[in-house]
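The exercises below are meant to be worked with the sequence and the coordinates open side by side. Each task is followed by a solution that proceeds step by step.

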Amino acid sequence: MDATFSYNFPSIRGVQAGKEYYVAMCPLRIISKIFLFDEEEIPPDHRAQRILNKTRIPEMTNYIIENQTDYVFSSITASIDGEIEFIPFNNDASSRDLGQLRISLDSRFLINDGQHRRAAIEEALKISPELGNETISVVFFHDDGLKKSQQIFSDLNRHAVNTTSSIGILYDHRDQLAMVTKDVIATTPLLNRYTDKERVSLSKNSPKILALNHIFNTNLKLIKKTKGDEISKDDEVFIKQFWPLVCDSIVEWNLVLKKELTPRDLRANYIVGHGVFIEALGLVGQYLRNYYPLDWDKYIRKLSKADWNRSNTHDWLGRAFNQNGRIQKTSYTIQLTSHKIKQLIELPLTESEQVLEDKFCKGAV
């Protein structure tokens with residue numbers, strides 16, 4: 001193959017299932033030029049699994065632009081339909097898989113994994129063209145006629161497991177609220193000991209009381225923000241005052257801390273061991289901050305007098321759990337649970353809350 005009329009990439013050669021594949025470093029500036037993007041260019045039998053979720057692109061683009069000194073993208077995986085040649089730099093046994101990959105200029109490239117990364121890179125380069133000389137690793141498979149691309153896509157995603165939202169929060173060192181949430185957990189003894197930082201829901205035998213994502217979601221409600229929003233110093237102060245007081249005010253949590261009640265028995269017998277209660281409390285806290293900024297703490301202390309037992313069907317049936325006794329956490333049940341908490345600590349419902357409550361009491365919702 002004439003090197004003058006080919007793409008040339010320094011590459012590493014490997015073997016899987018008896019077939020060669022190649023790992024190359026591609027400058028970002030050529031990513032958008034060589035890979036198929038327009039769905040009309042993609043063979044019909046390949047289109048279905050490659051329709052872009054275009055709402056993801058701005059977020060990914062902003063991630064690159066706002067973190068130009070420490071962004072990280074994993075490899076793109078692509079199929080090549082065209083003539084290729086691998087030329088080792090030398091034939092020594094220790095380095096014969098290091099060489100140059102030549103790909104004919106008329107080859108077609110189809111991304112098996114990384115279409116959204118490719119689109120985000122293209123958009124980021126429009127804003128910051130200086131990123132064009134940076135590189136991303138690309139794993140190339142040779143696929144004549146792109147016949148195997150669907151199978152490659154399927155195989156790459158067959159065993160993929162998404163991380164939990166709790167893990168995402170735990171490892172996030174950019175999101176302000178994630179950082180504040182982790183700081184609150186670390187500095188509040190009960191939360192530090194009884195928060196599961198990996199799972200999003202706790203099994204009946206879990207030794208923990210809360211999941212990290214429940215606390216984070218509660219904080220979103222407390223300060224009425226969405227994930228990724230900037231938070232103010234006042235927001236942070238309120239969150240850091242709210243949680244220690246809540247922990248002191250939930251009698252059953254303190255029984256667990258004193259080893260007088262097990263987390264298993266807490267979940268089995270009380271709604272305070274479940275996310276629906278925690279997130280409902282976030283709505284109550286938001287209301288208190290808005291309407292009782294000077295004495296909100298006295299209402300939180302009244303939580304110690306409430307009956308959180310699941311046998312208290314008068315208060316919690318249809319709100320925190322259903323007729324079968326199963327805990328139910330939806331935006332609707334969180335809202336209804338927050339209504340009852342407000343009533344128990346002698347807070348009025350807002351006009352819109354009262355409308356929903358009336359419908360619930362009449363069985364219309």
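**Exercise 1. Work out what share of the residues in the chain is buried, and decide how the overall dimensions compare with the globule rule.**

Step 1. In this predicted model, buried residues make up 47% of the 365 residues in the chain, a residue being counted as buried when its relative accessible area is under 20%.

Step 2. The secondary structure consists of 17 helices and nine strands. The radius of gyration of the chain is 27 Å, well over the 21 Å that the globule rule gives for 365 residues, so the chain is more spread out than a compact globule.

Step 3. Taken along the principal axes, the box filled by the C-alpha atoms is roughly 80 × 45 × 45 Å. As one example of a separation within the chain, the C-alpha atoms of S94 and V246 are 62 Å apart, with their positions 152 residues apart along the chain.

Step 4. For contacts between residues at least 6 apart in sequence, 69% join residues that are at least 24 apart.

**Exercise 2. Determine the order of the strands in the open sheet of seven strands, and identify its edge strands.**

Step 1. Read across the open sheet, the seven strands follow the order β4-β5-β1-β2-β7-β3-β6, and their pairing is mixed. The edges are formed by β4 (84–88) and β6 (108–113), each of which pairs on one side only, and from one strand to the next the twist averages 35°.

Step 2. Starting from the β4 edge, β4 and β5 (residues 98–104) pair in the antiparallel sense over five bridges, with R102 in β5 as the bridge partner of E85.

Step 3. Strand β5 also pairs with β1 (residues 6–16), again in the antiparallel sense, over seven bridges; here P10 stands opposite Q100 in β5.

Step 4. Six bridges then join β1 to the antiparallel strand β2 (residues 19–27), and G14 stands opposite Y21 in β2. The hairpin of β1 and β2 has two residues between the strands, and A17 in this hairpin takes a positive phi near 55°.

**Exercise 3. Find which residues of helix α3 are buried, and explain why they line one face of the helix.**

Step 1. Within α3 (residues 56–66), the buried residues are I57, M60, T61 and I64. Seen down the axis of α3, these buried residues fall within an arc of 100°, so they line one face of the helix.

Step 2. The spacing can be set against a general rule: an α-helix has 3.6 residues a turn, so residues three or four places apart point the same way.

Step 3. On the other side of α3, E59 and E66 are exposed.

Step 4. The cover over the buried residues of α3 includes α4 (115–127). Helix α4 in turn lies across β3 (76–81), β6 and β7 (135–142), running at about 115° to β6.

**Exercise 4. Identify the residues that touch the most other members of the largest nonpolar core, and trace the contacts of W253.**

Step 1. The largest nonpolar core has 55 residues, of which L191, F242, W243, W253, F277, W308 and I341 touch the most other members. Among the elements giving two or more residues to this core are α7 (176–187), α10 (233–249), α11 (251–257) and α16 (331–344), while the largest share, eight residues, comes from α13.

Step 2. A second, separate core has 30 residues, including F9, I34, I80 and F140.

Step 3. When neighbours within four places in sequence are left aside, W253 is in contact with L190, I209, L210, V246, C247, L266, V272, F277 and I278.

Step 4. One of these partners, V246, belongs to helix α10 and is buried, with a relative accessible area of 0%. With the same neighbours in sequence left aside, the contacts of V246 are W253, L281 and I300.

**Exercise 5. Establish where H274 lies, whether H274 is buried or exposed, and which residues H274 touches.**

Step 1. H274 is found in the loop between α12 (263–269) and α13.

Step 2. The relative accessible area of H274 is 15%, and the cut-off for a buried residue is under 20%, so H274 counts as buried.

Step 3. Apart from neighbours within four places in sequence, H274 is in contact with R267, R310 and I327.

Key: Residues numbered from 1 in each chain as written. Predicted model: local features only at pLDDT ≥ 70, side-chain atom pairs only at ≥ 80, totals over all residues. Heavy atoms only, no water. Buried < 20%, exposed > 50% of the residue type's maximum accessible area, 1.4 Å probe, protein only. Helix = DSSP H or I, 4+ residues; strand = E, 2+ residues; numbered from the N terminus. Arc of directions from axis to C-beta. Contact = heavy atoms within 4.5 Å. Pairing = 2+ DSSP bridges. Axes fitted to C-alpha atoms, helices over the stretch in contact; angles between N-to-C directions. Core = buried A, V, L, I, M, F, W, Y, C linked by side-chain atoms within 4.5 Å. Rg over C-alpha atoms; globule rule 2.2 N^0.38 Å.
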